[in-house]
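Trainee: Could we go through the strands of this structure together? I would like to see how they pair.

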Amino acid sequence: MSAALFLRPAICETAIATAAAVSANSTYSRRPASILCCRRRTLTTICCSMDGGDAKPTAYVSGFLSKKPYDPPSWASHLRPVPSNTFSLGHLPTPIHRWNLPNLPDGTDVWIKRDDLSGMQLSGNKVRKLEFLMADAVANGADCVITVGGIQSNHCRATAVAAKYLYLDCYLILRTSKVLVDKDPGLVGNLLVERLVGAHIDLVSKEEYAKIGSVTLAALLKEKLMKEGKNPYIIPVGGSNCLGTWGYIEAIREVEQQIQSSCGELQFDDIVVACGSGGTIAGLSLGSRLSSLKAKVHAFSVCDDSTYFYNFVQGLIDGLEAGLDSHDIVDIQNAKGLGYAMNTPEELKFVKDIAAATGVVLDPVYSGKAAYGMLKDMAANPTKWKGRKILFIHTGGLLGLYDKIEQMASLAGDWRRMEIDESIPREDGKGKMF
Ligand SMILES: Cc1ncc(COP(=O)(O)O)c(C=O)c1O
């Protein structure tokens with residue numbers, strides 16, 4: 001069996017669909033591709049061949065950052081509304097390879113889909129959602145995007161980068177503690193990338209966030225920016241709305257094609273993934289149920305509780321007119337531990353041990369907690385997992401590790417001063433230091 005599978009999913013380039021909006025804060029575009037062409041520098045070069053009614057881009061060198069008419073998988077074509085377009089932002093398909101985790105139940109086989117490798121500064125699961133959300137922002141004539149998240153939000157960082165790729169300005173509302181809200185947030189982890197790409201950052205305290213809510217905070221900022229003559233597009237927390245859900249419906253099409261290219265050798269009984277705002281599990285579970293995959297989706301939530309997420313996913317399912325019950329398509333377990341973005345020493349040691357054993361670096365806030373939760377569940381209920389073929393989705397978030405440096409210092413690998421015998425010949429200028 002091949003250890004790694006790479007296959008570009010067939011992204012159909014048929015005529016532009018004219019679907020209506022899914023997102024709560026926007027309407028899906030009905031504008032033809034040619035209208036976009038001259039709005040921004042990057043799009044001009046990429047899209048000018050789409051003028052004159054020809055929807056097929058013909059003149060770009062690579063598909064990256066290009067806009068494509070969206071054609072859903074046949075098994076998802078009954079969902080409504082269907083997005084009109086996507087922007088190619090991710091390095092897709094992401095590889096799938098075997099993941100030799102220690103202490104698995106008998107016959108359990110774990111594979112990992114590396115959505116952490118969907119890009120560099122624009123990486124992780126958010127890329128897939130942003131392919132749809134950014135296309136909608138551009139189609140709606142936005143000149144900037146607003147989104148909201150925690151101080152180390154991977155989603156906010158990915159949005160900031162994607163916005164700049166498309167020559168949009170980006171405004172981030174970041175939640176932090178009361179004691180830090182009036183201070184410079186610094187440059188650790190995701191903040192460094194956000195600030196390098198010039199995202200505008202507004203800090204709010206957790207207390208303000210809890211009392212006002214992300215929707216109102218974003219609306220307040222939108223109002224302010226509109227008074228300044230801007231045309232902002234709001235992307236909800238985590239990119240988790242119906243439109244963003246298509247990102248992981250598409251990911252299932254990608255997995256389906258990777259399975260097909262394995263000539264039947266590869267198949268999965270279960271999919272395991274972290275859950276933060278709920279959009280990823282909504283797309284995966286819908287896609288898995290509707291496609292040929294039919295793998296059971298297990299979500300490990302890192303905040304809130306399972307009741308909240310069953311309801312949230314139900315909202316997305318209903319918004320897409322899928323006619324399914326969230327309880328039937330996803331199993332949600334709590335892996336929050338001490339709280340969102342907080343880790344026990346055991347969880348951090350787990351991240352370190354898995355990195356040392358397999359080379360895969362999990363992030364401490366999402367995939368680390370999900371994998372920790374999965375292995376704990378396997379130890380507690382081995383018969384549930386025995387003999388199963390599992391696909392774990394690594395959703396990225398590596399930059400979040402930088403926020404844990406102090407806590408991880410004692411776990412990190414050792415170092416030493418190299419011993420060099422005095423007898424080794426030395427000569428000035430012998431070693432070139434580039
Ligand atoms: C690295 C990472 N993994 C997983 C998730 C969870 O995805 P979702 O918000 O779609 O539930 C997030 C969300 O912020 C994330 O940043």
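**Strands and their partners**

Mentor: Happily! Strand E5 (residues 109–114) runs parallel to E13, and 6 bridges join them. Strands here are DSSP runs (E, at least two residues; helices are H or I, at least four), numbered from the N terminus, and two strands pair if DSSP finds at least two bridges between them. This is a predicted model: local features need pLDDT of at least 70, side-chain atom pairs count only at pLDDT 80 or more, and totals for chains, interfaces and linings use all residues. Residues are numbered from 1 along each chain as its sequence is written.

Trainee: Which residue is the bridge partner of Asp-109 in E13?

Mentor: Asp-109 belongs to strand E5 (residues 109–114). Its bridge partner in E13 is Lys-389.

Trainee: And in E13, what is the bridge partner of Val-272?

Mentor: Here we turn to strand E10 (residues 270–275), which runs parallel to E13 with 3 bridges. Val-272 has as its partner Phe-392.

Trainee: How many residues of strand E13 are buried?

Mentor: A residue is buried if 20 or more other C-beta atoms, placed from the backbone, lie within 10 Å of its own (exposed: 12 or fewer; partly exposed: in between). Strand E13 (residues 389–394) is largely enclosed by the rest of the structure, because the buried residues number 5 of the 6.

Trainee: In what order do the 4 strands of the open sheet lie?

Mentor: The pairing in this sheet is parallel. Its edge strands, each pairing on one side only, are E8 (200–205) and E9 (232–234). The order is E8-E7-E6-E9.
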